[in-house]
Amino acid sequence: MLHEFTINIPYKQIDQYTDKLNAAGIYNLYYESPIEIIKVQNGYGYEEKEDQHIDLKIYASDIEVENLPESYFSLLESTLSVSKEDFQYMAYEEENWEQSYEFQDIDLGNGWVIVYPNSQQQYEGKKILKFDPLAAFGTGLHETTQGCLRMILEKDLTGKSVLDLGTGSGMLAIASSLKGAEKVVAVDYEEVERELYHNAKLNGLTNDLQVVQADLITGDYQINDHFDLILINIGANETMSILKRHDLLKNSNDFIISGLVEWHIDQLIADFEAGEFKIKEKKQTNEWVTIHFTKTFIH
């Protein structure tokens with residue numbers, strides 16, 4: 001059995017409580033910080049609400065601790081100087097406690113469906129992008145990812161070269177490959193090689209797919225090659241920093257940029273227009289914007 005002990009405490013005292021519990025050898029703790037989501041220039045941020053109370057959950061297993069729950073009640077009372085009545089208590093069957101999250105397939109509405117590993121669905125007449133996010137960021141659920149996917153999957157990239165910056169779990173790189181891209185270079189700050197090659201194999205891809213781990217803003221990595229299409233789905237501020245750091249507008253005549261919020265796109269658009277680009281296509285879902293820029297005059 002897994003035993004859960006919950007005590008409601010002031011959030012500003014969480015460090016005091018966790019320090020005392022850790023000193024007593026109690027480490028299996030869980031709480032959610034009280035936050036308020038706020039708009040910021042580049043999207044969304046949050047503020048911690050330190051004046052609120054939170055539920056601190058403490059866990060113990062019969063496998064590791066004897067005489068539960070009474071042994072833990074005594075330990076918690078003495079450690080925290082509280083009474084047994086201050087706790088809410090529940091017990092769970094451990095085999096039912098941890099269940100993997102199952103993503104729901106996503107019909108993009110353009111003839112393509114993102115299909116996750118747990119899916120048993122059949123999609124007659126649809127094209128399939130098989131995807132397993134594993135541990136990397138990017139599941140296809142977010143409006144910005146879907147906006148990029150719809151643009152990419154409408155294009156014929158046969159024989160083209162594509163650069164995917166901030167690739168995350170690599171969904172855009174995989175989509176580009178499925179649309180015929182001969183060479184795809186996917187770059188991310190995190191180590192995501194395992195995820196990309198795993199998903200390439202799921203989709204039976206055999207094109208040249210290269211994965212690079214690099215810091216695009218402050219690292220030594222430099223983008224020198226020219227690409228037929230460059231994808232960036234990481235936010236306006238980061239995109240503008242990368243454009244400047246790598247003088248990137250010289251490296252392609254076509255960019256698909258996303259991760260943008262409607263209230264923070266003017267400067268990015270101005271930067272592209274200064275580089276002789278125009279907006280070829282713009283998609284918006286809720287406040288999230290995806291833009292395809294193309295060069296108006298090629299020297």
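**Helix packing and sheet order in the predicted model**

Helices α3 and α4 cross in the right-handed sense. The contact draws on T145, C148, L149, I152 and L153 of α3. From α4 come M171, L172, A175 and S176. Seven of these contact residues are nonpolar, two are polar and none is charged. The structure described here is a predicted model. Two packed helices are described by the angle between their axes and the distance between the axes. For α3 and α4, which spans residues 171-178, the axes come within 9 Å and cross at roughly 15°. An angle under 35 degrees counts as roughly parallel. The helices α3 and α4 are therefore roughly parallel to each other.

The protein chain as a whole holds seven helices and 16 strands. It has 299 residues, and 45% of them count as buried. Among contacts in the protein chain with a separation of 6 or more, 65% link residues 24 or more positions apart.

A second helix pair is formed by α6, residues 236-246, and α7, residues 266-274. Their axes lie 10 Å apart and make an angle of about 25°. Helices α6 and α7 are therefore roughly parallel to each other. The crossing of α6 past α7 is left-handed. On the α6 side, the contact is made by T239, M240 and L243. On the α7 side, Q267, L268, D271 and F272 take part. Four residues of the contact of α6 with α7 are nonpolar, two are polar and one is charged.

The sheets come next. Strands of a sheet pair through backbone hydrogen bonds, either parallel or antiparallel. Seven strands make up an open sheet with mixed pairing. Their order is β12-β11-β10-β13-β14-β16-β15. The edges are taken by β12, residues 208-213, and β15, residues 277-285. Each edge strand has a single partner strand, so one side of each is left without a neighbour in the sheet. On average, neighbouring strands of this sheet are turned by 15° against each other, direction ignored.

Within this sheet, β11 covers residues 183-188 and pairs with β12 in the parallel sense. Six bridges connect β11 and β12. A186 stands opposite V211 of β12. Helix α5, residues 193-202, packs on the sheet and touches β11 and β12. The direction of α5 makes about 165° with that of β12. Helix α3, residues 143-153, lies across four strands. These are β13 (229-233), β14 (254-261), β15 and β16 (288-295). Relative to β16, helix α3 runs at about 35°. Helix α3 thus appears in two settings: across these strands, and in the contact with α4.

Near the start of the numbering, strand β1 covers residues 2-10. Eight of its nine residues are buried, so β1 is largely enclosed by the rest of the structure. Strand β1 is joined to β5, residues 53-61, by nine bridges, and the two run antiparallel. I9 has I54 of β5 as its bridge partner. Strand β1 is also joined to β6, residues 87-92, by six bridges. This pairing is antiparallel as well. Here H3 has A91 of β6 as its bridge partner.

Y27 sits in the loop between α1 (14-23) and β2 (29-30). The relative accessible area of Y27 is 59%. The cut-off for an exposed residue is over 50%, and Y27 is therefore exposed. In sequence, Y27 and Y59 are 32 residues apart. In space, their C-alpha atoms are 8.4 Å apart.

A further open sheet has three strands in the order β7-β8-β9. Its pairing is mixed. Strands β7 (106-107) and β9 (127-130) stand at the edges. Each has a single partner strand, so one side of each is left without a neighbour in the sheet. Strand β8, residues 112-115, runs parallel to β9 and is joined to β9 by four bridges. W112 has K127 of β9 as its bridge partner.

Methods: Residues are numbered from 1 along each chain as its sequence is written. This is a predicted model: local features need pLDDT of at least 70, side-chain atom pairs count only at pLDDT 80 or more; totals for chains, interfaces and linings use all residues. Side-chain values use heavy atoms; hydrogens and water are left out. Axes are lines fitted to C-alpha atoms, for helices over the stretch in contact, and angles run from 0 to 180 degrees between N-to-C directions. Angles under 35 degrees count as roughly parallel, over 145 as roughly antiparallel, 65 to 115 as roughly perpendicular and the rest as oblique. A crossing is left-handed if the near helix is turned anticlockwise from the far one by less than a right angle, and right-handed if clockwise. Contact means heavy atoms within 4.5 Å. Ala, Val, Leu, Ile, Met, Phe, Trp, Tyr, Cys and Pro count as nonpolar, Asp, Glu, Lys and Arg as charged, and the others, Gly among them, as polar. Two strands pair if DSSP finds at least two bridges between them. Buried means under 20% relative accessible area, exposed over 50%, partly exposed in between (1.4 Å probe, protein chains only).
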